[in-house]
Amino acid sequence: MSSKPSWSPSSWTSKPVAQDVEYPDRKGLSKVLSKLETLPPLVTPSEIERLRYQLSLVQRNEAFLLHAGDCAESFDACTNENISAKIGLILSFSLILIWGARLPIVRIGRIAGQYAKPRSSKTEQVGDREVLSFRGDNVNGLDIDDRTPDPERLLRAYFHSATTLNHVRGLLTSGFASLHQPRDWSLSHVRSPSLRNEFESIVEDLTDALDFSRTIGQDAGASFELGGAKNTVGEVDFYTSHEGLMLDYEQALTRECPVPKSVSSVPNEKAYYNTSAHFLWIGDRTRQLDGGHVEYFRGIKNPIGIKVGPSMQSDELVRLLDIVNLDKVPGRVTLITRYGAGKVENYLPEHIKAVKLSLHPVVWICDPMHGNTLTSNTGLKTRHFRTIINELTSCIRIHSECDSRLGGVSLEFTGELNDEGFSVTECLGGSMELSEEQLGLRYQSFCDPRLNFEQSLDVAFLISKHYKDERKGKQKGMEKDVLFTELSGKPSS
């Protein structure tokens, strides 16, 4: 093993910290952090190590990673309806991918802790007032009179995360994820006739397959999920994640725990795990090599993500990998690329080349959302389905050309419905051809725009069809325009 510089959960405090929150009530902050240090962990080392193992399989092209959920959660959205809709969409997306790719899906939700957001400026202008920027529900309020950072919100974030995770666990162990009833996840929400028909076709074929398995006495007992242990017709693995932005909070939930014997060859080995989530990522704004976030992340044993954008130099990326994964542990690092459709060709090939030469084991996934945000003529922040698909299909093609492979996708989507049962209207285009004039109908995000239910399934069918064709020996050397046209019937631009 390589020697590492000394580390502790608090060693990040000796480094500069980007996106730091300034709390006027320092005494209140100290009291809240002390309380958080005594509260039970939200996740366990065994679950964390199980995820790391599964990510090592993604790295070996033996599984596919779906990382998805809200840009930022809100305390008010912690309801049975919203959580169930989100999990149902993730399960529907997963089923479509499994059917086409014939690969297990590793599901990581942006859920049960994604309450903070980085901002480009500490303040913003609201009318004639300059106020502190809204930093997420675990920092301050959206109301302009509630912008003072309040440490009690960190405690509320913990309990909302615990409540969300408890409900997710309950759903997934009570038959909600059963492959015998996939229509319960989503079909009533699908308003596009073509999407409904495609999903129905998969469900019918799946039902036939399960009936056949039951007839011959093989009721899917052989685990299709990674790692075994579950009856995969009825239950699935599901993991939580958030951006590790608030280092005071992350430190308070970092615990020194015994390393599970299944992954340790050292008797009585202990390690530091962040027990607030299974997976955390470093954002594009907080990945400074000499910064507090990189210092904190290098010491925790959780698998981690790193956002990689146009400002990341190839040598900087390799140096960052050297810091956070000195021992080149498989499944430890996932690189989440987010360039923008117009820039991916300029940066991704060089980044792939640099990482390959470094011999660092990584999972590559594409975030086609964050580099493609624009402001509509009506003043709403939005994204166009066409550019999202362009970046995604470009990533698939470039990885193939570079003798690499895209291992997954990171999406901001929601299964939320309004009182009338309609999906949100935040991103343009898709099979429902959402227009700018329709954005204001059901625009509910207080942060970044999300794909709605139908648009999310559009993406799922695109990816599924690509891997199905690849599996059957079709579309060798696929061009992105061909794939895009097959999905939407429209040329890309």
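This report describes the fold, one helix pair, the nonpolar cores and four individual residues of a predicted model.

**Overall make-up**

The chain has 493 residues, and 57% of them are buried. Its secondary structure comes to 13 helices and 14 strands. Contacts often link distant parts of the sequence: among those between residues at least 6 apart, 75% join residues at least 24 apart.

**Helices α1 and α4**

Helix α1 covers residues 26–38 and helix α4 covers residues 152–172; their axes come within 8 Å and cross at roughly 25°. Because angles under 35 degrees count as roughly parallel, α1 is roughly parallel to α4. On the α1 side, the contact is made by Leu-29, Val-32, Leu-33, Lys-35 and Leu-36. On the α4 side, Glu-152, Leu-154, Leu-155 and Tyr-158 take part. By class, seven of the residues in this contact are nonpolar and two are charged, with no polar residue among them.

**Nonpolar cores**

The largest nonpolar core holds 75 residues. Within this core, Ile-87, Ile-306, Leu-335 and Ile-463 touch the most other members. Helix α3 (residues 80–101) supplies the largest share of the core, with 11 residues. Apart from neighbours within four places in sequence, Ile-87 is in contact with Ile-111, Val-168, Leu-171, Leu-172, Phe-176 and Phe-238. A second core, separate from the largest one, has 26 residues, including Val-21, Tyr-23, Val-32 and Leu-42. Val-32 is also one of the α1 residues in the contact with α4.

**Two buried residues in strands**

Arg-110 lies in strand β2, which spans residues 105–110. This arginine is buried, with a relative accessible area of 2%. Its side chain reaches two backbone oxygens, that of Asp-70 at 2.8 Å and that of Cys-71 at 3.1 Å.

Thr-254 is found in strand β6, residues 254–258. Thr-254 has a relative accessible area of 9% and is buried. A polar atom of the Thr-254 side chain lies 2.6 Å from the backbone oxygen of Glu-250. Leaving aside neighbours within four places in sequence, Thr-254 is in contact with Pro-9, Tyr-272, Tyr-273, Asn-274, Tyr-296 and Ile-300.

The polar contacts of these two side chains are listed below.

| Side chain | Backbone oxygen | Distance |
|---|---|---|
| Arg-110 | Asp-70 | 2.8 Å |
| Arg-110 | Cys-71 | 3.1 Å |
| Thr-254 | Glu-250 | 2.6 Å |

**Two loop residues with positive phi**

Arg-102 is a residue other than glycine with a positive phi, near 55°. Its place is in the loop between α3 and β2. At 43% relative accessibility, Arg-102 counts as partly exposed, whereas Arg-110, in strand β2, is buried at 2%.

Asn-268 is not a glycine either, and its phi is positive at about 60°. This asparagine is found in the loop between β6 and β7, the latter covering 270–274. Asn-268 has a relative accessible area of 78%, so it falls in the exposed class, which begins over 50%. Strand β6, on one side of this loop, is the strand that holds Thr-254. Three of the residues named as contacts of Thr-254, Tyr-272, Tyr-273 and Asn-274, have numbers within the 270–274 range of β7.

Notes. Residues numbered from 1 in each chain as written. Predicted model: local features only at pLDDT ≥ 70, side-chain atom pairs only at ≥ 80, totals over all residues. Heavy atoms only, no water. Axes fitted to C-alpha atoms, helices over the stretch in contact; angles between N-to-C directions. Helix = DSSP H or I, 4+ residues; strand = E, 2+ residues; numbered from the N terminus. Parallel < 35°, antiparallel > 145°, perpendicular 65-115°, else oblique. Contact = heavy atoms within 4.5 Å. Nonpolar A, V, L, I, M, F, W, Y, C, P; charged D, E, K, R; others polar. Buried < 20%, exposed > 50% of the residue type's maximum accessible area, 1.4 Å probe, protein only. Polar contact = N/O pair within 3.5 Å; in protein donor to acceptor, adjacent residues only side chain to side chain. Core = buried A, V, L, I, M, F, W, Y, C linked by side-chain atoms within 4.5 Å.
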